[in-house]
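The exercises below are meant to be worked through with the sequence and the 3D structure side by side. Try each task before reading its solution.

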Amino acid sequence: MSPIDVVVPKSSNKSEPLTSQQVVDLTRQHNYGTWRFQKGWNPMHIVDAEGCYIVDGSGKRYLDFSSQLMCSNLGHKNQAVVDAIARQAQELSYAMPGYATTARAELSQLLLEVLPKGLSKFFFTTSGTEANEAAFKIARMYTGKTKIIARYRSYHGSTAGSIAATGDPRRWAMEPGGKGPGILFAPEVHCYKCPIKHTYPGCGIACADYIEHMIRNESDVAAVLVEPIVGTNGVIVPPEEYMPKLRRICDEYGVLLIADEVMTGWGRTGEWFAMNHWGVVPDILVTAKGITSAYVPLGLCATSEKIADYFQDHYFAHGHTYEAHPLTLAPAVATIHEMQRLGLVERARELAPYVEGKLMELKAKHPSIGDVRGKGLFWAVDLVKDQITKEPFNTYSDKVSGKPLLVDQIAAKILADGVTIQAWVSHFVIAPPLIVTKEQIDLGISVLDRHLNLADAAVGA
């Protein structure tokens with residue numbers, strides 16, 4: 001099949017077609033590839049997407065098995081969302097944040113329905129990164145304190161404040177400049193491979209006790225920042241007792257609890273928001289990605305009423321030009337309505353046992369799989385050299401040094417077989433669109449199964 005041509009205007013005002021290879025070459029030569037060494041970057045040209053599939057410049061279809069960046073929850077080309085974008089562009093393409101708009105009011109009304117009860121004041125951004133920056137500022141303004149405790153296995157964004165609060169190695173290249181004032185790191189809650197060498201359930205949730213110890217001995221702590229289920233860094237699900245205990249600790253010491261639900265929100269885990277699994281309401285909830293199913297960039301920082309009340313008589317010192325941009329809000333309204341119409345939160349919950357069963361079959365078959373974990377349609381498959389020692393094939397240091405990673409080699413084989421999957425250091429993230437069928441789940445897992453022989457061959461090496 002011949003490459004699909006894309007027409008772009010040139011300076012002569014005459015349109016000439018670019019071949020698929022020219023698109024790739026121009027992108028590589030004049031754009032930065034994120035989170036990578038630029039040498040050797042060879043991006044795939046994507047020209048179309050529909051449902052659970054994306055299409056490259058040669059017309060080949062790929063099953064989108066990780067919702068691109070765990071964000072295309074509705075799948076691609078949902079007509080209701082597309083129509084909402086077009087309609088809003090015709091009616092009102094921009095309004096500065098100081099104005100009220102219908103889209104803003106409609107989305108605010110819907111958020112009161114789907115967010116954890118008690119979160120009722122909203123600041124809109126254009127990314128999860130910016131939503132976290134807003135959360136940090138709000139927490140510090142409200143409490144009058146400075147320090148924020150994050151966790152080592154975490155990702156909260158790329159801007160100065162959010163990368164400083166990120167525990168994964170994407171922060172390292174920026175140090176010492178990437179270190180933010182007042183950011184502290186606590187151990188992650190990871191029962192499969194506990195960083196403080198405890199064993200659940202006899203540990204008594206020592207990882208939460210560690211955070212309490214930090215709060216007592218640091219003083220001046222404004223907030224504790226957590227991904228309820230750690231995202232890119234392993235889909236790490238805490239034990240049932242962790243989040244309620246952390247909530248009690250924060251309340252006892254007057255510390256705010258910030259939940260970063262950029263990845264875990266919007267039905268991904270089988271609840272509208274992952275914090276609902278434990279019946280815990282954070283003081284601030286940050287989200288993005290699935291709020292519009294990634295059709296347009298939108299983030300949200302939602303706060304409790306007590307925080308909102310504080311700013312009635314205190315200056316709210318934050319804002320930006322595109323806050324509450326109507327073109328970002330209207331598709332969010334449509335996305336929520338579509339999720340409700342299609343029952344996608346319930347669907348993620350109902351499909352969870354099916355996905356877990358399939359992945360556990362893989363674990364029993366492949367000596368290279370150390371752990372399988374997740375909730376809803378959000379899962380990780382951890383690869384290890386040894387199931388007893390739990391030693392991974394690659395480390396964070398390997399990732400940032402440019403050393404070839406085994407998961408990337410396997411992901412490339414999977415891509416060649418028509419499935420895209422997110423790989424990170426030594427695990428895969430399986431998070432298909434919430435509209436995925438059992439047949440598509442079977443396809444994605446069967447392709448993963450086929451190429452895990454590369455890892456099995458390296459076990460014990």
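**Exercise 1. In this predicted model, which exposed residues does helix 1 carry on the face turned away from its buried side?**

Solution. The face of helix 1 that is turned away from its buried side carries Q29 and H30, both of them exposed. To complete the picture, turn to the other side of helix 1 (residues 20-30), where S20, V23 and V24 are buried. Viewed down the axis of helix 1, these buried residues fall within an arc of 95°, so they line one face of the helix. The general background is that an α-helix has 3.6 residues a turn, so residues three or four places apart point the same way. As a last step, look for what lies over the buried residues of helix 1: the cover includes strand 2 (15-18).

**Exercise 2. Describe helix 7 by its span, its buried residues and their cover, and then inspect the residue just after it.**

Solution. Begin with the span: helix 7 (residues 206-218) has 13 residues and reaches 18 Å from its first C-alpha to its last, which is close to the 18 Å expected at 1.5 Å a residue. Next, collect the buried residues of helix 7, which are A206, C207, A208, I211, E212, M214 and I215. Their cover includes three strands and a helix, namely strand 7 (147-151), strand 8 (183-186), strand 9 (221-226) and helix 8 (242-253). Finally, move just past helix 7 to S219, where phi is positive, at about 60°.

**Exercise 3. Which residues form salt bridges with R373, and are they buried or exposed?**

Solution. As background, side chains of opposite charge can pair when their charged atoms come close. The side chain of R373 meets that of D371 in a salt bridge, with 2.8 Å from N to O. R373 also forms a salt bridge with D382, and here the closest N and O atoms are 2.9 Å apart. For burial, the cut-off is under 20% relative accessible area; R373 has 8% and is therefore buried, and D371, at 11%, is therefore buried as well. D382 is likewise buried, as is R373.

**Exercise 4. Set the salt bridge between R171 and E175 beside the network that includes R247.**

Solution. In the salt bridge between R171 and E175, the closest N and O atoms are 2.6 Å apart. R171 is buried, with a relative accessible area of 6%, whereas E175 is partly exposed, at 34%. Turning to the network, R247, D251, D283 and K306 are linked by salt bridges. The count of salt bridges in the model comes to 19.

**Exercise 5. Where are the loop residues F311 and M96 found, and how accessible is each?**

Solution. Take F311 to begin with: this residue is found in the loop between helix 9 (305-310) and helix 10 (326-342), and at 15% relative accessibility F311 counts as buried. Leaving aside residues up to four places away in sequence, F311 touches I138, M141, Y142 and F316. The C-alpha atoms of F311 and Y200 are separated by 42 Å, with the two residues 111 residues apart along the chain.

M96 is found in the loop between helix 3 (79-91) and helix 4 (102-114), and its relative accessibility of 43% makes M96 partly exposed. Together with Y94, Y99 and Y322, M96 makes a nonpolar surface patch of about 450 Å².

Notes. Residues numbered from 1 in each chain as written. Predicted model: local features only at pLDDT ≥ 70, side-chain atom pairs only at ≥ 80, totals over all residues. Heavy atoms only, no water. Patch = residues over 30% accessible without salt bridge, like charges linked within 9 Å, V, L, I, M, F, W, Y side chains within 5 Å. Areas by Shrake-Rupley, 256 points an atom, 1.4 Å probe, with all protein chains shown as cover. Salt bridge = Lys/Arg side-chain N within 4 Å of Asp/Glu carboxyl O. Helix = DSSP H or I, 4+ residues; strand = E, 2+ residues; numbered from the N terminus. Buried < 20%, exposed > 50% of the residue type's maximum accessible area, 1.4 Å probe, protein only. Expected span 1.5 Å × (residues − 1). Contact = heavy atoms within 4.5 Å. Arc of directions from axis to C-beta.
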